[in-house]
Amino acid sequence: MEVLRTSQPISWLDDLGADGTVIHPGHELFGKNLAGCELHLPGSSGSTVGSDRIVNLAVHGHAPRRIVLGRVDPITMWGAILGGIDVEVEGAPRKEVDRAKIERLGIDPEIADLLARAGEILGTDEFIPADHVQIAGVSYKTITETGLELRRHFASRFRFRSRNVTINPAGMDLEDWREQGIPDEFAEKQREVIEIYLRMGATPTVTCTPYLIGSMPAPFTDAFLSESSVVSYANSVLGVRTNRESGLSTLLFAIAGYGPRYGLHHRENRAPRLGVRVRCELRGVVDFGLLGYRLGEIARGRIPYLTGIRDRPTTEELKVLSAAGAASGSIDLYHIEGVTPEERSGLVPLSGIEEWVDIDRSSLDEVKRHLNTGSVAEVDLVTFGCPHASLEEVHEIASLLRGKKVRPGVAVWVCTSRAVKDLAQRMGYVDLIETAGGHVVADTCMVVAPIEQMGHRTTATNSGKAAKYLPRFCQQKVVFDSAEEIIRKIVAAT
Ligand code: F3S
């Protein structure tokens with residue numbers, strides 16, 4: 001068996017092509033095909049639907065045969081377990097886990113077996129109630145037919161025992177998908193995915209910002225969340241304790257009503273190991289997105305502690321910081337001096353920080369240059385709301401578009417939750433945006449909707465996370481800038 005080694009994490013969602021070849025030009029394994037190999041990697045970065053991607057590769061014979069992880073990584077681990085791939089964490093002995101003890105919690109033997117196999121690798125036999133679960137892997141585009149088949153199987157046998165189960169965005173606006181231009185065949189599959197989750201007992205939040213619509217556990221309690229931006233925001237800004245679970249593991253925990261206690265559920269694992277001095281003033285969500293992106297690049301699995309963020313950041317700024325850091329690296333938790341709740345409660349020891357680095361304006365400018373791969377003249381889709389827009393953000397876009405007309409040939413999507421869209425409608429913001437030629441799109445986003453199938457080639461965004469995934473996962477050129485700048489360039493005054 002060929003042995004391939006990398007010191008870089010792999011983003012299973014967008015670093016690999018459908019045949020298992022690494023397509024990320026900046027990756028050490030660029031051009032290598034992973035099918036049938038023994039792969040040594042530190043862990044995964046980015047999207048939590050990576051597990052579905054691994055299962056898909058395995059089903060089609062394009063996955064590694066054996067995976068050796070440098071650290072505990074639930075995304076890769078769950079993909080390997082469900083894809084029948086041999087997986088271990090280098091140097092970590094397997095924990096003895098008693099399946100019967102898990103079954104005594106009232107958990108079905110099929111699910112108990114999967115939880116026990118995970119517990120052996122995660123090093124825990126402690127399973128705690130999973131009262132709050134957020135499931136990623138809702139868009140048919142991300143889970144594909146293999147993922148739908150897996151979910152059909154679980155739905156044919158089980159219902160959710162967890163009380164609060166929310167779900168991530170789908171691949172289309174569930175009400176206005178025809179107007180959005182979604183192909184019929186895609187819509188049919190997408191509807192089935194949603195029906196499965198609802199039949200099993202999920203709440204139809206269909207958003208990656210459940211915390212903006214009232215669905216979030218109390219601070220300093222445990223949760224099982226699998227949208228990477230929600231994980232980072234919940235851990236850091238809300239003080240909730242969750243690991244970056246995979247879409248598939250949260251599905252299993254919601255069925256079991258229990259999940260494993262390990263990693264970030266333990267206070268001693270939440271201490272920072274990287275110190276970051278922010279040496280420039282941060283201006284709005286674009287700068288916070290750039291900072292998050294840069295943090296993800298330098299963190300290499302370490303929890304960062306940030307100083308130098310003087311103004312109290314807004315919810316929207318922390319939302320994009322969390323999302324970009326989780327997408328470009330795998331930041332599941334960060335602390336900000338004087339801002340985040342654990343730091344303010346004196347729960348963040350600095351003694352474990354092994355390195356301090358500076359981030360200044362030039363580092364942010366460099367990230368911005370790297371994210372911009374397209375030109376304004378080529379833009380055919382303008383998108384805001386990654387993560388899903390707050391009411392305040394929809395208001396801001398409506399104000400910027402008031403009295404303007406979007407250039408012909410350019411679609412504008414403001415992506416948000418159905419709940420926020422309803423409020424925006426009552427506030428008159430939706431009308432303002434539609435009058436200018438834009439749309440407030442609910443339940444979906446620019447990354448998980450099939451925009452490449454809809455003919456879009458160049459997308460403008462103000463989100464660092466979207467700018468990360470659009471090129472390889474959606475085959476887009478990207479224009480990255482502030483909402484104000486983007487709108488200024490794609491509208492004409494009436
Ligand atoms: Fe949400 Fe889509 Fe961005 S799921 S975080 S809007 S990529």
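This briefing covers the overall build, surface and domains of one protein chain. The model is predicted. The chain has 494 residues, and its radius of gyration of 21 Å agrees with the value near 23 Å that a compact globule of this length would have. The chain is divided into four parts, named domain 1 to domain 4.

**Fold and dimensions**
- The secondary structure of the chain consists of 18 helices and 20 strands.
- Measuring along the principal axes, the C-alpha trace extends over about 70 × 50 × 45 Å.
- Among contacts in the chain with a separation of 6 or more, 78% join residues that are 24 or more positions apart.

**Burial, surface and charge**
- Buried residues make up 61% of the 494 residues of the chain.
- The chain has an accessible surface of about 18400 Å².
- Carbon and sulfur atoms account for 48% of that accessible surface.
- There are 56 positive and 65 negative side chains in the chain.
- The centre of the positive set and the centre of the negative set lie 1 Å apart.

**Domains**
- Domain 1 covers residues 3-93, and domain 2 covers residues 121-266.
- Domain 3 runs over 271-369, and domain 4 over 372-493.
- The centres of domain 3 and domain 4, taken over C-alpha atoms, are separated by 26 Å.
- The contact between these two involves 13 residues from domain 3 and 16 residues from domain 4.

Notes: Residues are numbered from 1 along each chain as its sequence is written. This is a predicted model: local features need pLDDT of at least 70, side-chain atom pairs count only at pLDDT 80 or more; totals for chains, interfaces and linings use all residues. Side-chain values use heavy atoms; hydrogens and water are left out. Helices (H or I, at least four residues) and strands (E, at least two) are DSSP runs, numbered from the N terminus. The radius of gyration is taken over C-alpha atoms; the globule rule is 2.2 Å times the number of residues to the power 0.38. Buried means under 20% relative accessible area, exposed over 50%, partly exposed in between (1.4 Å probe, protein chains only). Contact means heavy atoms within 4.5 Å. Accessible areas come from the Shrake-Rupley method with a 1.4 Å probe; for residues, only the protein chains shown count as cover. Lys and Arg count as positive and Asp and Glu as negative; His and the chain ends are not counted. The place of a charge is taken as NZ of Lys, CZ of Arg, CG of Asp or CD of Glu. Domain bounds come from an automatic or database domain assignment.
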